[in-house]
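I opened my notebook to look over one protein model. These are my entries, in the order I looked things up.

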Amino acid sequence: MKSAKPYIEEHKDRFLTELIDLLKIPSISADKAYANDVIKTADVIKESLEKAGCDKVEICDTPGYPIVYGEKMLDPKLPTILVYGHYDVQPPDPINLWDSPPFEPVIKKTELHPEGAIFARGSCDDKGQMYMHVKAMEYMTATNQLPCNVKFMIEGEEEVGSESLGWFVERNQEKLANDVILISDTGMIANDIPSITTGLRGLSYVEVEVTGPNRDLHSGLYGGAVANPINVLTKMIASLHDDDNHITIPGFYDKVEELSKEERAKMAEAPFSKEAYCKALDIEDVYGEAGYTTNERNSIRPTLDVNGIWGGYTGEGAKTVIASKAYAKISMRLVPDQNWKEITELFKNYFESIAPKGVTVKVNPHHGGTAYVTPIDSLGYKAASNAYETTFGKTPIPQRSGGSIPIVALFEKELKSKTILMGFGLDSDAIHSPNEHFGIWNYLKGIETIPQFYHEFTKLKNS
Ligand code: BES
Ligand code: MN
Ligand code: MN
C-alpha cells in the first residue's frame, strides 16, 4: 500500500470542510428535541459512504435511531473488515462554558495541537474519528488500492446505550460477518507516543431516589425531627467508599480480575507524568484507591462515581426548606469479569439496606455494559501495530482505557470476532466536556494509518 500522504495533502481542505459540515448538525441522541437532526445526520453519512466508493449503502431502521450500513465486497475469499462508529453526540451542556458555539466549528491552535484543532461537539467523539474511516475508504477506492472487503456500521445511539444496535446485531449476524472489527472511538497517549487501546471498562448506571416526608417542610418547624432526604442521601453515598477509597458494597470486588505483578510492571512502563496530569486539570494531587497507581485506578480498577445530585431549593437566594425528595445518578465502571447486572443487583440491595428509618429508597437501574480486553497477539493487533509503525515510525504501546463502549463485548459474543481500537484522540481533547476538539494532525494521521491497517491485516490473513 502506497502512503496516503500525497492524496491527503491534495484533498485535505475538502476533508476538513466535509467534517466541519457534519459537525454543524446537532445530532444529540439524548434529547428528543433534536430527533430530526439525528436522522438527518444518518442521511449525510449515507451519502458520504456512497461517494467514498461503497457499493451498497442503506439506512436501516430500528426501534430507535437508524443505523447506516455500507459495504464493498470485492471477493468472498478476501478478508472482511467491519468498521463501527457513531454519529450521535453528547449534549453540549453546560453551554455557557464553551468559548465558541458547540455546533459552529472553529479551528484554533492549542499547546498540544500546534497545527490547529477543530472545536465542536462530536469533533473527537465520534464524528471526526468515524469520518477518518470514510476518507480512508475514499482514498483506497479512488486509488484502486482497497485490498479486502469492507463493511461499515455507523449508529446513532452510542451515547445513550446502543440499545437499537444490540437489537440490530442480534438480527443480522450473517450480514455483519467479518474477520475483524475496527473502531476509532478511543484515544492515544500523545501525538509522539502512539498507543492502541486494548481494554474498555464495563458500566452499571443507576438513579437513586430518597423520599422522606410526604411534602416539602419548613426547615425550622420540622428540622431536626424528621429525616432530611438530602442529608440522608449524601451520608449514604459517602459511606459507599471507605477511608482507603475501596468500595464498600459487599461482594463488589468478588469477580474483579487481579493483574499479575508482571502485567502491572508492564503497565507502569507507559509514560506518565503526575505533574503534567495535575497541571492540566488544575489539581494539587491525584486521588483514589489505595495501593494503585493513577493509570491503574482509571483502567484496571472498578469505580463508583456520582454523576449528578439534586433536590431541594437551588434557586437564587435562600429558602428554608426540607425537601421531600433527593436524587442522584451513580455510575460504576467495571472491569473483567464483573457482570453488570449482578453489580446492579448488589448495589440495589446494599443501598436499600443502608437506608435509615424515616426514608424510603428506590434504585432505578439505567443501562449497563460489559468490559472488554483484546489480546495483543491477535492478527488484528499485529496488523494495527505494523500500521502505526509505518505511519508514526514507532511501535504503539498497548493501553487499557477507562472509558466504555458497551457494544464491543456484544460484538464478540454475537459476531465472534475481535475488535481493534485504533483511537486518535487525546485525553485532553475534552470529549463530553465544553470545548471538545480534535487535532487536525490527528484527523489526517488517522486517515493515513487506517489504509495501512487494511493492507497489513489482509497480508497477515493471507500468509
Ligand atoms: N467514545 C466514548 C468511549 C471512550 C472514550 C472510550 C475514550 C475510551 C476512551 C463513548 O462515546 C462513550 O462516551 N461511552 C460512554 C458509555 C456509554 C454507554 C454512554 C462512557 O464511557 O461513558
Ligand atoms: Mn464515542
Ligand atoms: Mn462519548
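**Entry 1: a short helix.** In which helix does Asn-295 lie? I found Asn-295 in helix H8, which covers residues 294-297. I keep in mind that this is a predicted model. Next I asked whether Asn-295 is buried or exposed. Its relative accessibility is 18%, so Asn-295 counts as buried, the cut-off being under 20%. Leaving out residues up to four places away in sequence, I saw Asn-295 touch Met-267 and Phe-272.

**Entry 2: the whole chain.** I stepped back and counted 12 helices and 18 strands in the protein. The radius of gyration is 23 Å, close to the 23 Å that the globule rule gives for 463 residues, so the protein is as compact as a globular protein of that length. Along the principal axes, I read a C-alpha trace of about 80 × 50 × 45 Å. Of the 463 residues, 53% count as buried. I also looked at contacts with a separation of 6 or more: 79% of them come from residues 24 or more positions apart. The accessible surface is about 21100 Å², and carbon and sulfur atoms hold 51% of it.

**Entry 3: the manganese ion (ligand 2).** Which residues coordinate the manganese ion (ligand 2)? I noted His-86 through NE2, Asp-125 through OD, and Asp-185 through OD, listed twice, at 2.0 to 2.4 Å. The 6 donor atoms subtend angles of 56 to 165 degrees, which makes the arrangement around the manganese ion (ligand 2) irregular. Along the sequence, the donor residues are spaced H-x38-D-x59-D. His-86 lies in strand E3 (residues 80-86), and Asp-185 in the loop between strand E7 (180-183) and strand E8 (195-200), so this pair ties together parts that are 99 residues apart in sequence. I found both His-86 and Asp-185 buried.

**Entry 4: the manganese ion (ligand 3).** I turned to the other manganese ion. Asp-125 bridges the manganese ion (ligand 3) and the manganese ion (ligand 2), which lie 3.6 Å apart. The manganese ion (ligand 3) is coordinated by Asp-125 (OD), Glu-159 (OE, listed twice) and His-432 (NE2), at 2.1 to 2.5 Å. The donors follow the spacing D-x33-E-x272-H. Why is the arrangement around the manganese ion (ligand 3) irregular? Its 6 donor atoms subtend angles of 56 to 153 degrees, which makes it so. Glu-159 sits in the loop between strand E6 (149-155) and helix H4 (163-171), and His-432 in the loop between strand E17 (419-421) and strand E18 (437-439), so the pair ties together parts that are 273 residues apart in sequence. Glu-159 is buried, at 15% relative accessible area. His-432 counts as partly exposed, at 40%.

**Entry 5: odd backbone spots.** I reminded myself of the usual case: most residues other than glycine have a negative phi, and most peptide bonds are trans. Then I listed exceptions. The peptide bond from Asp-125 to Asp-126 is cis, with omega near 0 degrees. Asp-126 is in the loop between strand E5 (117-119) and helix H3 (127-142). A cis peptide bond also joins Pro-336 and Asp-337. Asp-337 is in the loop between strand E13 (325-334) and helix H9 (340-353).

For positive phi, I noted Asp-282, near 55 degrees. Asp-282 is in the loop between helix H7 (274-281) and H8, and it counts as exposed at 73% relative accessibility. Ala-430 has a positive phi of about 65 degrees. Ala-430 is in the loop between E17 and E18, and it counts as buried at 18%.

**Entry 6: an enclosed helix.** How many of the 9 residues of helix H11 are buried? I got 7, so H11 (residues 407-415) is largely enclosed by the rest of the structure. Among the buried ones are Ile-407, Leu-410 and Phe-411. After H11 comes Lys-416, with a positive phi near 60 degrees.

**Entry 7: Phe-152.** I found Phe-152 in strand E6. Phe-152 is buried, with a relative accessible area of 0%. Beyond its neighbours within four places, Phe-152 is in contact with several residues, including Leu-49, Val-83, Met-137 and Tyr-454.

**Entry 8: a database record.** An unreviewed UniProt entry annotates residues 199-358 as "domain: Peptidase M20 dimerisation". Over residues 199-358, I read 28% helix and 22% strand. The end C-alpha atoms of that stretch are 43 Å apart.

Key
Residues numbered from 1 in each chain as written. Chains lettered and ligands numbered in written order. Predicted model: local features only at pLDDT ≥ 70, side-chain atom pairs only at ≥ 80, totals over all residues. Heavy atoms only, no water. Donors = N, O, S within 2.8 Å, 3.2 Å for Na, K, Ca; no water. Tetrahedral: all angles 85-135°; square planar, octahedral: opposite > 155°, others 65-115°. Helix = DSSP H or I, 4+ residues; strand = E, 2+ residues; numbered from the N terminus. Buried < 20%, exposed > 50% of the residue type's maximum accessible area, 1.4 Å probe, protein only. Rg over C-alpha atoms; globule rule 2.2 N^0.38 Å. Contact = heavy atoms within 4.5 Å. Areas by Shrake-Rupley, 256 points an atom, 1.4 Å probe, with all protein chains shown as cover. UniProt positions renumbered as here; feature names shortened; annotations may be inferred.
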